[in-house]
Amino acid sequence: MDTLKESVYKVDFLTGAWDLGSFLENSRETLGVWGNSFVMLIGLVALVYAVWQIVTGLMSQGKKQTNWFISILLLIVGGVLSASTGFEFVKTIAGGGRKTIEDLGGGTILFLDYWKYYFFK
């Protein structure tokens, strides 16, 4: 009980110990952890489904139609996503897409600048 009182007294409500910047930083970190867990869960579901498809396809001795390409692709992608760095992998892909969009946007803007000088003299 003494530790609860001590921790309550340590919280400083009046001097502004809570600010918007620290809230946003902590929420970004927390959402990153949750996102990482969610991506790992999706990867595990993909792995389980891929193994199920492969095993039932092999056990049916050719009687069940199995899309082997999708099953193997799910196995590979699920393995990547279920790893502890799966979220970083997704962020890297998204960063590459962002860079591509920015490069395309920069090229389009340059094209429009040149277009303005050549066609509207």
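1. A contact here means that two residues have heavy atoms within 4.5 Å of each other. With that in hand, consider the contacts in this protein between residues at least 6 apart in sequence: 63% of them join residues at least 24 apart. Please keep in mind as you read on that this is a predicted model.

2. Here is the overall plan. The secondary structure comes to 4 helices and 0 strands, and reading along the sequence gives the pattern α-α-α-α. The protein has 121 residues, of which 13% count as buried. About 10,300 Å² of the protein is exposed, and carbon and sulfur atoms supply 71% of that area.

3. Helix H2 is a good place to begin looking, and it covers residues 20-59. How far apart are the end C-alpha atoms of H2? They are 58 Å apart, and this agrees with expectation because 40 residues at 1.5 Å a residue should span 58 Å. Just beyond the helix, H2 is followed by Gln61, whose phi is positive, near 55°.

4. Which residues of H2 are buried? They are Gly35, Val39, Gly43, Ala46, Ala50, Gln53, Ile54, Thr56 and Gly57. Two of these names, Val39 and Ala46, come back below: Val39 as a contact of Val90, and Ala46 as a residue of H2 with its own point.

5. Ala46 is worth finding on the model. This residue of helix H2 has a relative accessible area of 14%, so it counts as buried, the cut-off being under 20%. Setting aside residues up to four places away in sequence, Ala46 touches Leu74 and Gly78. Ala46 and Gly78 lie 32 residues apart in sequence, with their C-alpha atoms 4.9 Å apart in space.

6. Now turn to Ser82, which lies in helix H3, residues 68-82. Is Ser82 buried or exposed? Its relative accessibility is 16%, and therefore Ser82 counts as buried. Not counting residues up to four places away in sequence, Ser82 touches Met40, Gly43, Leu44 and Leu47. One of these, Gly43, is itself among the buried residues of H2.

7. Val90 takes us to helix H4. Its relative accessible area is 34%, so Val90 is partly exposed: that value falls between the 20% limit for buried and the 50% limit for exposed. Leaving aside neighbours within four places in sequence, Val90 is in contact with Val39 and Leu81. The C-alpha atoms of Val90 and Val80 are separated by 9.7 Å, and these two residues are 10 apart along the chain.

8. Finally, a look at the empty space. Rolling a probe the size of a water molecule over the atoms shows where such space is left. The largest pocket has a volume of about 150 Å³. Lining this pocket are Arg28, Glu29, Gly32, Asn36, Ser84, Phe87, Glu88 and Lys91.

9. Which helices each supply at least two residues of that lining? They are H2 and H4, the latter running over residues 86-119. H2 gives the most to the lining of the largest pocket, with 4 residues. Sorted by class, the lining has 1 nonpolar, 3 polar and 4 charged residues. Phe87 is the nonpolar member, while the charged ones are Arg28, Glu29, Glu88 and Lys91.

Technical notes: Residues are numbered from 1 along each chain as its sequence is written. This is a predicted model: local features need pLDDT of at least 70, side-chain atom pairs count only at pLDDT 80 or more; totals for chains, interfaces and linings use all residues. Side-chain values use heavy atoms; hydrogens and water are left out. On a 1 Å grid over the protein atoms alone, a cavity is a set of points where a 1.4 Å probe fits but cannot get out, and a pocket is an open set with protein on both sides within 12 Å along at least five of seven lines; lining residues have an atom within 4 Å of a point. Grid points are joined across faces, edges and corners, and a volume is the space filled by probe spheres set on the points. Buried means under 20% relative accessible area, exposed over 50%, partly exposed in between (1.4 Å probe, protein chains only). Accessible areas come from the Shrake-Rupley method with a 1.4 Å probe; for residues, only the protein chains shown count as cover. The expected span of a helix is 1.5 Å times one less than its number of residues.
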